[in-house]
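Please read the sequence and the structure together, and keep both in view while following the paragraphs below.

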Amino acid sequence: MPMDVIDQANRLVASGQRQAAVDLVRGAADAGDPNALFAVANWRLFGMYGPRDEAGAHVLLDRAVATGSTEATRLKATLLANGTGCQADRAAAEELLEQIKDHDPNVAKQLRLIAASDARADGLGDGSERLSDDPDIRVVRKLLSADECSYLITAAQPELRPSFVVDPRTGGHMPHPVRTSSGMNFPPTLEDLVVTAINRRLAAATGTAVECGEPLYVLRYAPGQEYKPHLDAMPSVDNQREWTVLTYLNDGYTGGETRFDLLGIEFRGEPGDALIFRNVDSAGALDPRLRHAGVPVQSGIKWLATRWIRAKPHDPWTVSH
């Protein structure tokens, strides 16, 4: 059986011939190889081996979709749903997913969850509970369904990475000084129809534009792991994190409460509950009262989804967490 072009390229990279590998894949894409088209489309999206080019990525994906590529069809639908490099078009995205749902169980699950989301009465949970008027801290119960929580956990697991920061002295990675969990985010290429629907619901619950949100970030806390006291708002930035939405994804653990130590407020949500708080004061300045912590988990595993929402539209390719 002839070797797949991507396998050939990987072998070239392993032997130190990176440019030869890139040239091979580009040539195969020009010739219409679906795997190469998919690979180069991703390069264009992430700015690898050249500048970022979302429009060019769509052209390559369309060619790959025409060959029947399941991978390309799934990614094209994802970008159509979240509006990356195009006008958001959920109906067109669903139409594409319908074509491959029999070959991809995850796609079938996406379509079922989207239909269930549409069937909810109001889409904004079971009502709001006020924990503090000033500063603004409130809870929306069951903002996410149990199935959506499970979906996020399953989708996040393969992408989890330990929380590290760059050591300013060496340039290498060192343990995060504040957060000891593992985490991942959903960039545009992973923000599928379900994640997009969740992001839109979080925007509606906060009265903000969906374009102002950073990529949804999922955190996993094992026993003993914590998020030490910190502020989500950042000093001296032009586009401040005005809102935080913490959505609790599971139960079956002890500890792990969210604690606002300066306010004497402690909260632990049930699966699907969203804790919403405003990180700035009425003048838009960082509010130090919003210092909070994820206290150590004592037993079990805690899963949490975080959406930081900026004052103005945020570039989803620029991730800070």
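What follows goes from the sheet to the helices that pack on it, and the model is a predicted one.

The sheet is an open one, built from 8 strands in the order β1-β2-β13-β9-β16-β7-β6-β3, with antiparallel pairing. Its edge strands are β1 (128–132) and β3 (161–162), each of which pairs on one side only. Strands of a sheet pair through backbone hydrogen bonds, either parallel or antiparallel. Within this sheet, strand β7 (residues 217–221) is joined by 5 bridges to strand β16 (residues 302–310), and the two run antiparallel; in this pairing R220 stands opposite W303 of β16.

Two helices can be placed against these strands. Helix α8 (residues 146–156) lies across β6 (182–185), β7, β9 (241–248) and β16, and runs at about 90 degrees to β16. Helix α9 also packs on the sheet, where it touches β2 (137–140), β9, β13 (274–278) and β16, and its direction makes about 120 degrees with that of β9.

Helix α9 itself spans residues 193–206, and its 14 residues reach 20 Å from the first C-alpha to the last, close to the 20 Å expected at 1.5 Å a residue. How much of α9 is covered? The helix is mostly covered, with 12 of its 14 residues buried; among them are L193, V194, I198 and L202, but also the residues T196, N199, R201 and T206.

The two ends of α9 can be described separately. At its start, a side-chain oxygen of D192 comes to within 3.0 Å of the backbone nitrogen of V194, while just after the helix G207 adopts a positive phi of about 70 degrees.

Note on methods:
Residues numbered from 1 in each chain as written. Predicted model: local features only at pLDDT ≥ 70, side-chain atom pairs only at ≥ 80, totals over all residues. Heavy atoms only, no water. Helix = DSSP H or I, 4+ residues; strand = E, 2+ residues; numbered from the N terminus. Expected span 1.5 Å × (residues − 1). Buried < 20%, exposed > 50% of the residue type's maximum accessible area, 1.4 Å probe, protein only. Polar contact = N/O pair within 3.5 Å; in protein donor to acceptor, adjacent residues only side chain to side chain. Pairing = 2+ DSSP bridges. Contact = heavy atoms within 4.5 Å. Axes fitted to C-alpha atoms, helices over the stretch in contact; angles between N-to-C directions.
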